[in-house]
Amino acid sequence: MKIQILPSLLAADFGHLAEEMRRVEEARADALHLDIMDAHFVPNLSFGPDMTVLARRVVPDLYRNVHLMMTRPDLYAERFIDAGAQTLQFHVEADCDVWAALKVIRARGVRSGLVLRPQTPASAVFPYLKLCDEVLFMTVNPGYGGQAFMSEVLPKVRELRCHADACGLGALDIMVDGGINLETAALCAAHGANQFVAGSFLFKQSDMGAVITQMREICTREYGTKTR
Ligand code: DX5
Ligand code: ZN
């Protein structure tokens, strides 16, 4: 599996957003992760589609991964696609027709993803995997950056990786998000995750590029070592 590192813009200095986006690109990150919070599905508000537009303008070659923490992602999916989302992820717990929303995303030629809160069983996404390019496991309660990693999510990562392999869906990307640093990324990789979102850990680094390279190397080494 390709190991990918995605800095979360939520942890950037909002006084210098364009510079922060360029810093992510210069650090050779695989994508920029954009967290959309509606103050209903989660208790916090972040930003809307205009931030995706800004990323497309400032760093057009940096892949845009958009994570919708919204009660009604179906009502906004097209707006984020129009804004330049290249992967659009929404929560399986959202109040919408999950099949229909995944189909809309795929029909627009955008990669689709489902997200699970830490308390949601991995099996909640099993019925939808044929319409999903990736599954994101939240390793904190969604809503805020800078929280502590929840290791109880690790068995679910392993469960989905084993299920996907058994179903012939070996190309499914499994992402983790929340409290990711070098140690927790290594644990997630060992359990079968191959995409790693990190906010506060990466943005606080003086040399983000060196740390992303290090994280990629560690995760490549650890990937799948605990899936059996
Ligand atoms: C939390 C967001 C995360 C957040 C991660 O709801 O989905 O993407 O930015 O931040 P850290 O890495 O600081 O936990
Ligand atoms: Zn996120």
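**Ligand 1 and the largest pocket: close-up views**

**View 1. Polar contacts of ligand 1 in the predicted model.** An oxygen atom of ligand 1 lies 2.7 Å from a backbone N or O atom of Gly199. Gly179 likewise approaches through its backbone, where an N or O atom is 2.8 Å from an oxygen atom of the ligand. At Asp35 the partner is instead an N or O atom of the side chain, 2.7 Å from an oxygen atom of ligand 1. The exposed area of ligand 1 taken alone is 380 Å², and 99% of that is buried by the protein.

**View 2. The residue shell around ligand 1.** Twenty residues surround the ligand, and those that come nearest are Ser8, Asp35, Asp177, Gly199 and Ser200. Asp35 also supplies the side-chain contact shown in View 1. Grouped by class, the shell comprises eight nonpolar, ten polar and two charged residues.

**View 3. Secondary-structure elements at the ligand.** Ligand 1 sits in the largest pocket. Two or more residues of its shell come from each of the strands β2 (32-37), β3 (64-69) and β8 (195-198). Of the elements, β2 contributes the most to this shell, giving three residues.

**View 4. The largest pocket and its lining.** The volume of this pocket is about 340 Å³. Its lining consists of 28 residues, of which Gly145, Gly146, Gly178, Gly179 and Gly199 are the closest to the pocket centre. Gly179 and Gly199 are also the residues whose backbone contacts appear in View 1. At least two lining residues are supplied by each of β2, β3, β8 and α7 (200-203). By class, the lining has 14 nonpolar, eleven polar and three charged residues.

Definitions and conventions: Residues numbered from 1 in each chain as written. Chains lettered and ligands numbered in written order. Predicted model: local features only at pLDDT ≥ 70, side-chain atom pairs only at ≥ 80, totals over all residues. Heavy atoms only, no water. Near = heavy atom within 4 Å. Polar contact = N/O pair within 3.5 Å; in protein donor to acceptor, adjacent residues only side chain to side chain. Areas by Shrake-Rupley, 256 points an atom, 1.4 Å probe, with all protein chains shown as cover. 1 Å grid on protein atoms, 1.4 Å probe; cavity = no way out; pocket = protein on both sides within 12 Å on 5 of 7 lines; lining within 4 Å. Sits in = over half its atoms within 2 Å of the grid points. Helix = DSSP H or I, 4+ residues; strand = E, 2+ residues; numbered from the N terminus. Nonpolar A, V, L, I, M, F, W, Y, C, P; charged D, E, K, R; others polar. Points joined across faces, edges and corners; volume = space filled by probe spheres on them.
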